[in-house]
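Good morning, colleagues. Please have the sequence and the coordinates open before you, as I shall refer to both throughout this short presentation.

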Amino acid sequence: MKNINELYECGYDCLIKDIKTNSKEIEKGDMFVCIKGVHEDRHNYISDAINRGCSCLVVERGDNYSVPFIKVKDTNKELGIISKKFYDYDDSLKMIGVTGTDGKTTTSLVIKDMLVDCGYIGTNGAKGSNFELGTNNTTPDLNLIYKYLKMFKDENLKYVSMETSSEGLLHNRVDGIMFDVGVLTNISEDHLNVHKTLSNYIDCKLKLFKSIKEDGYAVLNSDDRFFDKFKENCKCNIFSYGKAKNSDLRIVNFVLKDNSTLISFSYKDVLYDVESSLKGEYNVYNLMAGISSLICLGFDVRDIISRVKFIKQVEGRCEVFSVNNFKVVLDYAHTENGLRSILTYLNNIKKNRIITVTGSAGGREKEKRKGMGEVVQELSDLVIYTMDDPRYEKVIDIINDMKVEDKDNYIIIENRENAITKAFELAEENDIILVAGKGRDSYMAIEDRKEKYCDFDVVFRYFNEK
């Protein structure tokens with residue numbers, strides 16, 4: 001809690017309990033910062049914020065409000081500046097930022113688990129030693145990020161592992177934060193409904209690597225087709241990982257097992273072996289990105305390997321349940337590359353059929369749907385197409401964009417719970433049911449509503465009511 005005159009030279013004298021950008025979350029004593037987004041201008045909600053008890057406003061326009069207000073040129077930029085002051089940001093935490101199309105959540109949580117005294121911010125929430133909070137965005141607004149950083153510091157944590165999404169970078173949600181390590185997992189086409197072109201998408205990702213301290217490290221995937229572009233745009237130290245022979249950390253070999261992966265990698269001409277509970281080739285890369293990050297932070301390789309046992313199962317990422325006489329796999333894969341990765345792994349371990357339940361989000365780029373459909377029908381024995389956050393689009397229109405009509409290995413069940421239930425009813429001994437696209441998301445986006453829904457709850461309910 002601070003007084004407004006501790007933050008601004010002004011004639012007002014009022015206490016600020018917290019900083020908010022959503023009027024619906026305002027509590028008595030909060031400051032309301034009227035940021036502007038792609039679809040919304042929070043100036044439109046000033047009356048609501050005042051009615052809910054905000055103590056003051058930060059605005060770009062207007063001069064007749066019933067509560068104290070500070071007028072600034074750009075509220076979006078001001079949000080970061082004022083949040084830094086309010087939450088006493090001092091750059092003492094070691095910051096690791098992870099970006100890429102796929103693997104951000106897993107890689108960030110791998111780093112968190114291995115570091116132990118580390119906070120996490122990303123798709124799966126904000127997690128400290130003694131708290132776990134949900135987040136509306138993979139990379140939250142700056143006021144929330146600075147709030148979480150203060151909470152981590154109050155817990156005496158030393159590190160923060162944070163997902164930095166392309167949209168978060170586009171909307172300046174990490175402005176003012178300097179990173180000790182920045183990680184690139186991979187780049188494929190995604191979110192082009194927002195970025196319009198692949199070039200714009202990459203430029204947003206590059207913003208993370210321009211925010212790395214000069215003595216910090218960019219941890220880059222040497223097998224990614226855009227490796228050279230990222231390398232050229234980094235002014236910090238470069239550390240590469242991958243199968244490429246000139247990688248600083250080189251993946252030599254790996255063996256995929258049902259419940260683990262055996263990996264051999266070399267670093268400074270020394271060969272190391274590690275066994276991980278993470279499954280699939282794509283998770284080999286996620287783990288190597290994590291190990292590379294700890295090397296850049298100064299940890300000994302053998303110490304890092306001893307920490308791999310601390311890595312927990314990431315909820316909604318290749319999360320496997322053995323039920324009846326078959327397996328159910330929940331996975332967040334929602335891109336062509338993500339689906340290919342998880343299905344390639346499942347084909348390597350399958351003993352019978354793979355039945356995939358999947359869809360594609362509405363209000364997002366339609367161009368990627370055909371590729372997604374081709375992958376799931378190529379690598380699955382049966383596909384059940386269904387809804388996945390349709391928003392304002394018709395589910396059947398989305399499915400028609402996905403399905404490969406000259407193959408007959410698919411059926412359509414628009415209701416997602418019914419589709420998952422049908423997969424269970426069709427399952428035979430040793431089948432694998434892949435439920436893809438939503439992981440452990442807690443809602444279904446229909447029109448402008450977020451209706452309560454979770455794939456895990458559907459699975460749990462089905463097998464506990466039998």
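Asn 430 is found in the loop between α14 (416-426) and β23 (432-436). The model is a predicted one, and in it Asn 430 has a positive phi of about 70° although it is not a glycine. Is Asn 430 buried, partly exposed or exposed? Its relative accessible area is 36%, so Asn 430 is partly exposed.

Asn 430 also leads us to a pocket. Among the 13 residues that line the second largest pocket, those nearest its centre are Phe 326, Lys 327, Lys 351, Asn 430 and Asp 431. About 160 Å³ of space lies in this second largest pocket. Two strands, β18 (319-323) and β19 (326-331), each supply at least two residues of its lining. By class, the residues of that lining divide into four nonpolar, four polar and five charged.

One of the residues nearest the centre of that pocket, Phe 326, has a further role in the description. Which residues share an aromatic cluster with Phe 326? They are Phe 424, Tyr 462 and Phe 463, and the four form one cluster.

Let me stay with the aromatic residues. The structure holds 16 aromatic pairs. One of them joins Tyr 159 and Phe 299: the pair is tilted, with 6.2 Å from centre to centre and 50° between the planes. This pair links distant parts of the chain, 140 residues apart, since Tyr 159 lies in strand β11 (residues 159-163) and Phe 299 in the loop between α9 (281-296) and α10 (301-307). Both partners fall below the 20% limit for a buried residue: Tyr 159 has a relative accessibility of 13% and therefore counts as buried, and Phe 299, at 17%, counts as buried too.

Rings also occur together with lysine side chains. Lys 309 lies over the face of Phe 310, at 4.8 Å from the ring centre. In another such case, Lys 438 lies over the face of Tyr 443, and here the distance to the ring centre is 5.2 Å.

Tyr 443 brings us to a second loop with a positive phi. Glu 447 is placed in the loop between β24 (443-446) and β25 (449-452). Its phi is near 50°, a positive value in a residue other than glycine. With a relative accessibility of 41%, Glu 447 counts as partly exposed.

I turn now to enclosed space. How many cavities of 30 Å³ or more does the count give? The count comes to one. About 60 Å³ of space lies in the largest cavity. Its lining is made up of Thr 106, Ser 277, Leu 278, Lys 279, Asn 283, Gln 313, Val 314, Arg 317 and Cys 318. Three of these lining residues are nonpolar, four are polar and two are charged.

Cys 318, one of the residues in that lining, lies in the loop between α10 and β18. At 2% relative accessibility, Cys 318 is counted as buried, because the limit is 20%. Leu 278, which also lines the cavity, is 40 residues from Cys 318 in sequence, and the two C-alpha atoms are 8.4 Å apart in space.

Two helices allow a check on geometry. What span should the 13 residues of helix α4 (residues 142-154) have, at 1.5 Å a residue? The expected value is 18 Å, and the end C-alpha atoms are 18 Å apart, so the two agree. The buried residues of α4 are Leu 142, Asn 143, Ile 145, Tyr 146, Tyr 148, Leu 149 and Phe 152. In an α-helix there are 3.6 residues a turn, so residues three or four places apart point the same way. After α4 comes Asn 156, whose phi is positive, near 65°.

Helix α7 (residues 198-209) has twelve residues, which should span 16 Å at 1.5 Å a residue; its end C-alpha atoms are 17 Å apart, which agrees. In α7 the buried residues are Leu 198, Tyr 201, Ile 202, Cys 204, Lys 205, Leu 206, Leu 208 and Phe 209.

Finally, a residue at the surface. Glu 132 lies in strand β10 (residues 132-133). Its relative accessible area is 58%, so Glu 132 is exposed. Ile 121 is eleven residues from Glu 132 along the chain, and their C-alpha atoms are separated by 9.9 Å.

Key. Residues are numbered from 1 along each chain as its sequence is written. This is a predicted model: local features need pLDDT of at least 70, side-chain atom pairs count only at pLDDT 80 or more; totals for chains, interfaces and linings use all residues. Side-chain values use heavy atoms; hydrogens and water are left out. Helices (H or I, at least four residues) and strands (E, at least two) are DSSP runs, numbered from the N terminus. The expected span of a helix is 1.5 Å times one less than its number of residues. Buried means under 20% relative accessible area, exposed over 50%, partly exposed in between (1.4 Å probe, protein chains only). Rings of Phe, Tyr and Trp (its six-membered ring) pair if their centres lie within 6.5 Å; planes under 30 degrees apart count as stacked, over 60 as edge-to-face and the rest as tilted. A charge sits over a ring if NZ of Lys or CZ of Arg is within 6 Å of the ring centre and within 35 degrees of the ring normal. On a 1 Å grid over the protein atoms alone, a cavity is a set of points where a 1.4 Å probe fits but cannot get out, and a pocket is an open set with protein on both sides within 12 Å along at least five of seven lines; lining residues have an atom within 4 Å of a point. Grid points are joined across faces, edges and corners, and a volume is the space filled by probe spheres set on the points. Ala, Val, Leu, Ile, Met, Phe, Trp, Tyr, Cys and Pro count as nonpolar, Asp, Glu, Lys and Arg as charged, and the others, Gly among them, as polar.
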